[in-house]
Structures are given as structure tokens and as C-alpha cells.
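Biologist: I'd like to learn how to read a protein model. Could you walk me through one, feature by feature?

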Amino acid sequence: MTEAEEVQLQELAHRVRQHVVRMATDGGCFIGASLSCVDLLAYLYSRWLDVGPDRLKDPSRDYLLLSKGHDVPALYGLFVELGFLERSRLARHLKTDDHIYWHPNRNIPGVEFHSGSLGHLLSVGLGIALDIKLRADKGRVVVILGDGELNEGSVWEAVLVAGAKQLDNLVAVVDRNGFQANLATEQLLPLEPLTDKFTAFGWETVRLDGHDFQALERGFAEIPRRVGKPTAVVADTVRGQGLPSLAGRADRWFCNFSPAEVDMLLQELEGTRRAVLESDVIVAR
Ligand SMILES: [Mg+2]
């Protein structure tokens, strides 16, 4: 990846973050998790996946499934930038006459499957990857998982089966932002050593910085790392990446900002000021 290409990706991710911030009002959104996976999604759709708005009916395309569906503002913001979705649709967020809602909806072009109830889409991705193998086709399947989502037993059933079925066209990407709702994952139910767990199930593993486009390029260039082995990419990320006033905060997982706060956060994205946030935090107990 050239330096110019890296800058282009950074600019794309920046525009997606602007969309996410604008969706965090008038009902709000899961902004922390959305911002942690913007760079992952921008990289994958721009540099690795063979898919686009004109390929959605092509069975030979690559597939991305967003299992941690509550970060869908990042996906929809990216879809606008890549031409899957008209920009005006984002203003329909949470309106009852549109499908732009808190979780992915297949009525939106580019969304491969509904999600939101956690723990399901690795199994769906496993099925698609197996179908691709049975058709002797070339498509690859990426499933984005939340780290908190790994508490779901159904995830590990799919990990077990994918290893047994030798699905080297399946890639699980863990958005390892260290939080689930308003708790640190290691505080609630420890996950580490995470790569060792996937290795024990017969997967190849890569651990990298999920905000470093050069690291993503190097990591994904090696996939599949071994014939017959699915790959788990554990991407270390920061919840709220791009906004210092939100970054790494346990209590700012879901936010419903006032219009004035949105304006301040857009300026914070530009690095011109620090937002003063007064809207309520939401604490799950
Ligand atoms: Mg998380």
C-alpha cells in the first residue's frame, strides 16, 4: 500500500466517522462500537473484499457479515461512501418508514443478513463458506465479531465446525475493543489468551492493530495462511476511536447527543476542539 493509498483510506474512514457522529442523535446509536470498527470495514471493502454495489447478485462475490450488528452506523456510513446507499437515507435513521435502524437489515443493499441478536452470524458465514466450497467457487466470507459477543456459546460451535470442515475461505475478524456494554470484557468474563483459543480449534490466527491500515494490509495479504484452515484476525481497537472525549470510555457505549453536541463532536473529529458532553450516559447493570 502506497502512502497516498493509505491517506485515501484515512480520509474515507474520516468521512464514515462523520456519518456515524451524525447518526448519534434523535434517538442515538451505539457510537463506541461503531467507531472501533470503521477502519476495519473501510480497509476490507476498499482493499480486500471482491464486492461492490454492482456485484450484490453475483454468487461469486465475497461476503461480509456484521455479526456485532449494533455497529451498523459504520457500515451504513461506508455504504454511502462506496455507492451502495444514497446519502439521504442516513437522515432516515430510526424513522419508522425506513429500514435504517439500530441493527443491519437485509432490505438495505449490501447487508447480507440480519443481525443484532449476538452470536449468530459466524454460523451463517460458515454455511455460506461451505456452500461456496460445494459449488467449487472462489468467494470468501468475512464475519465481524464483537469481543463481548465471544461469550456466546454458538460462536464456539461455529468455530469448532469451521475447523473440522477445513473452511479456509472463512475469516473471523474480532473487533477487540475491550468492552461489552459498559464493562471491560476482562472484568466480566475474561477472553484472553484469545488467539490461543482459536488455534486450539484448528484455526490460523493473526493479531494486529485494527486502526493501522498498513498492518491490516500485511495481515490480510497472508490469508488464507494455510490450505484447509479458517483464519481468525484479532484486531486490537479502541472504542470511540477518532473522538478523544469518547475513546476508551466504558460509559459512552450508546449515545443520544443533542444537536449542539453533534456539532462539537464533528469539530473534535477535525481536531479543532474538544467536545463538552452533557447528555446522559447509559449504564447497564
Ligand atoms: Mg466490544
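Modeller: Sure, and let's start with one helix: the cover over the buried residues of α3 includes α1, α2 and β1 (63-66). Keep in mind that this is a predicted model.

Biologist: Which residues of α3 are the buried ones?

Modeller: They are V72, P73, A74, L75, Y76, G77, L78, F79 and E81. That makes nine of the eleven residues of α3, so to speak a mostly covered helix. Right behind α3 comes G83, with a positive phi near 90°.

Biologist: Which residues are buried in α1?

Modeller: A general idea helps here. An α-helix has 3.6 residues a turn, so residues three or four places apart point the same way. In α1 the buried residues are L9, L12, A13, V16, R17, H19, V20, V21 and R22. Their cover includes α2, α3 (72-82), α8 and α9 (259-270).

Biologist: How do I check the length of a helix like that?

Modeller: Count 1.5 Å a residue: the 20 residues of α1 should then span 28 Å, and the end C-alpha atoms are 29 Å apart, which agrees.

Biologist: Now strands. What should I look for?

Modeller: In a regular strand the side chains alternate between the two faces of the sheet. Take β3 and ask about each face in turn. On one side sit L170, A172, V174 and R176, on the other V171, V173 and D175, and all of these are buried. Seven of the seven residues of β3 (residues 170-176) are buried, so the rest of the structure largely encloses this strand.

Biologist: Which strands pair with β3?

Modeller: Strand β2 (residues 141-146) runs parallel to β3, joined by six bridges. In that pairing V142 stands opposite V171. Strand β7 (residues 231-236) also pairs with β3 in the parallel sense, over six bridges. There you'll find A172 of β3 opposite A232.

Biologist: What kind of unit do β2, α5 and β3 make?

Modeller: A right-handed β-α-β unit, with helix α5 (residues 153-164) as its helix.

Biologist: Can we zoom in on one residue of that helix?

Modeller: Let's take V155, which lies in α5. The trick is to count neighbours: a residue is buried if 20 or more other C-beta atoms lie within 10 Å of its own. V155 has 23 of them inside 10 Å, so V155 counts as buried. Skipping its neighbours within four places in sequence, V155 is in contact with G119, L122, L145, E149 and L150. By contrast, L246 is 91 residues away along the chain, and its C-alpha atom is separated from that of V155 by 29 Å.

Biologist: What about odd spots in the backbone?

Modeller: Start from the usual picture: most residues other than glycine have a negative phi, and most peptide bonds are trans. Then look for exceptions. D26 has a positive phi near 55° and is found in the loop between α1 (3-22) and α2 (31-48). A181 has a positive phi near 45°, and its place is the loop between β4 (179-180) and β5 (183-184).

Biologist: Are those two residues buried or partly exposed?

Modeller: D26 is partly exposed, with 16 other C-beta atoms within 10 Å. A181 counts as partly exposed too, with 18 C-beta neighbours inside 10 Å.

Biologist: And where are the cis peptide bonds?

Modeller: One runs from E192 to P193, with omega near 0°. P193 is found in the loop between α6 (185-188) and α7 (194-200). Another joins I223 and P224, where omega is about 0°. P224 has its place in the loop between α8 (213-221) and β7.

Biologist: Let's step back. How many helices and strands does the chain have?

Modeller: Nine helices and seven strands. The radius of gyration is 18 Å, close to the 19 Å that the globule rule gives for 285 residues, so the chain is as compact as a globular protein of that length. Of those 285 residues, 47% count as buried.

Biologist: And what does a record add?

Modeller: UniProt, in an unreviewed entry, places the feature "domain: Transketolase N-terminal" at residues 30-264. In the model that span is 34% helix and 14% strand, and its end C-alpha atoms lie 18 Å apart.

Terms used
Residues numbered from 1 in each chain as written. Predicted model: local features only at pLDDT ≥ 70, side-chain atom pairs only at ≥ 80, totals over all residues. Buried ≥ 20, exposed ≤ 12 C-beta atoms within 10 Å, placed from the backbone. Helix = DSSP H or I, 4+ residues; strand = E, 2+ residues; numbered from the N terminus. Pairing = 2+ DSSP bridges. Right-handed = clockwise from strand over helix to strand, strands pointing away. Rg over C-alpha atoms; globule rule 2.2 N^0.38 Å. Expected span 1.5 Å × (residues − 1). Contact = placed C-beta atoms within 7 Å. UniProt positions renumbered as here; feature names shortened; annotations may be inferred.
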